[in-house]
Amino acid sequence: MAWESGRVLIVGAGLAALRGAEALREAGFSGPLTIVGDEPHFPYDRPPLSKHVLTGAIPAEATTLPGIGALAAEWQLGSAAQRLDRQARTVSLADGRILPYDRLLIATGTRARPWANPHEGRLAGVFTLRGRDDAAALRRALAAGPKHVLVIGAGFIGCEVASLCRQLDLPVTLVEPGPTPLGRVLGSTVGAFIGAIHEGHGVALRCGREVEWLEGRDGRLVRAHLVDGSSLAADIAVIALGAVRNTEWLDGAGLSADPGGVDCDARGHVLDTDGRPDPRIAAAGDVARFPHPLYDGRRVALEHWSHAVAQGVHAGRLLAGAEPGAPYGALPTFWSTQGDLVVKSVGLTEGADAVAITQGDAAAGRFVATYGRAGRCIAAVSVDSARWLPAHAELVETRAPFPPEGAATDRPKGVTVFEPGFA
């Protein structure tokens, strides 16, 4: 039976928060609903920020998600949560307001990891890319026609920005301390294939290198100095060094939370420092760390669009009193558009001890790589071969033997198994 009374507070105003709020209402909750966001904007879609917004195809303000007006919610935007008091059941905001709750959804997400030196990070021409305002500012800088763009970090965001610069015919150098782009998430074996594609599109790759400091002149970036003693002239630098989960406001609340996320049980309730679930509080999206049933209950925190949607819905129903039934365990999926290169994945590559090209031809730049662990399929990544991914998703969901067996069109004869090349 739906829980219809009391007050629900959602801290965070992104995709997971919006889908959680919608699920609450759809499950029958008709009480007061308040949504808190540190940004002044209503929930917006993040994937277009590193793609269509940077090219100028759409303005940043056009990314607002639909359905906001139908929620009957009170929006408290532009002031971040600073403190959770579980005994008083209140959340304190940076502007001094104190908001009560009967049920609470934590969906505070992540922020871009800043450049280590704050002074250098404030130089004109140095950007991070996470929020709507970040994308709008970087778009203006790219549209002004910089002489050279430096991207620091070759994860998904870094690769997307670098390839987009080539679309705009801008010279760009991508610096990555690992041996290949995307090495941390895909391993260096698959990362090398993707790196070769980017180089073919004119991206200057400097892998195995690290930027030590950024030089400014009159408050503006002019050059980056690398650890090996070399340097690069650049008037734009995009810091793409990953994300930091927004958990600091939970300090002192007695919850099991750290920079890696806030811990949840299998149902979605957050855990206290003694490992006990708080039935009044759930978490969803990037900030939630939960035991994934497909990976033997290993705790994971996922920064995926589809995960924010699915877990937001799950948490909303949980707080509404609509028993979810099974533990949350949606198959992780992800996609990245890097110029004309589309990378999609299912499952989690972490912990893989082997990888094989199981569809297409890596040398031709169109393939599917399947990852195995202890003789089972745990993940698959398609590069410009998304039509083959649903079949591979089934292999992952059923924990099929690795490498996959059976004939298939475009499957290489005599599949070769490689070391995945994780650092």
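A residue counts as buried when its relative accessible area is under 20%, and as exposed when that area is over 50%. The structure treated here is a predicted model.

**Exercise 1.** Decide whether D278 is buried or exposed.

*Solution.*
Step 1. Locate the residue: D278 belongs to strand β21, which covers residues 277–283.
Step 2. Take its relative accessibility, which is 10%.
Step 3. Apply the cut-off: buried means under 20%, so D278, at 10%, counts as buried.

**Exercise 2.** Find which residues D278 touches, leaving out those up to four places away in sequence, and describe the polar contact of its side chain with R86.

*Solution.*
Step 1. With those sequence neighbours left out, the residues touched are R86, H269 and V270.
Step 2. For R86, the contact is polar and joins the two side chains at 3.1 Å.
Step 3. Closer in sequence, R280 has its backbone nitrogen 2.9 Å from a polar atom of the D278 side chain.

**Exercise 3.** Place β21 in its sheet and state which helix packs on that sheet.

*Solution.*
Step 1. Write the strand order: β3-β2-β1-β7-β21-β20, an open sheet of six strands with mixed pairing.
Step 2. Identify the edges: β3 (74–77) and β20 (269–271) each pair on one side only.
Step 3. Add the twist: on average, neighbouring strands are turned by 30° against each other, direction ignored.
Step 4. Add the helix: α7 (residues 305–320) packs on the sheet and touches β7 (103–106), β20 and β21, with its direction at about 145° to that of β21.

**Exercise 4.** Determine in which sense β1 and β2 pair.

*Solution.*
Step 1. Strands β1 (residues 8–11) and β2 (residues 33–37) are joined by four bridges, in the parallel sense.
Step 2. One bridge partner can be named: L9 is matched with T34 in β2.

Conventions:
Residues numbered from 1 in each chain as written. Predicted model: local features only at pLDDT ≥ 70, side-chain atom pairs only at ≥ 80, totals over all residues. Heavy atoms only, no water. Helix = DSSP H or I, 4+ residues; strand = E, 2+ residues; numbered from the N terminus. Buried < 20%, exposed > 50% of the residue type's maximum accessible area, 1.4 Å probe, protein only. Contact = heavy atoms within 4.5 Å. Polar contact = N/O pair within 3.5 Å; in protein donor to acceptor, adjacent residues only side chain to side chain. Pairing = 2+ DSSP bridges. Axes fitted to C-alpha atoms, helices over the stretch in contact; angles between N-to-C directions.
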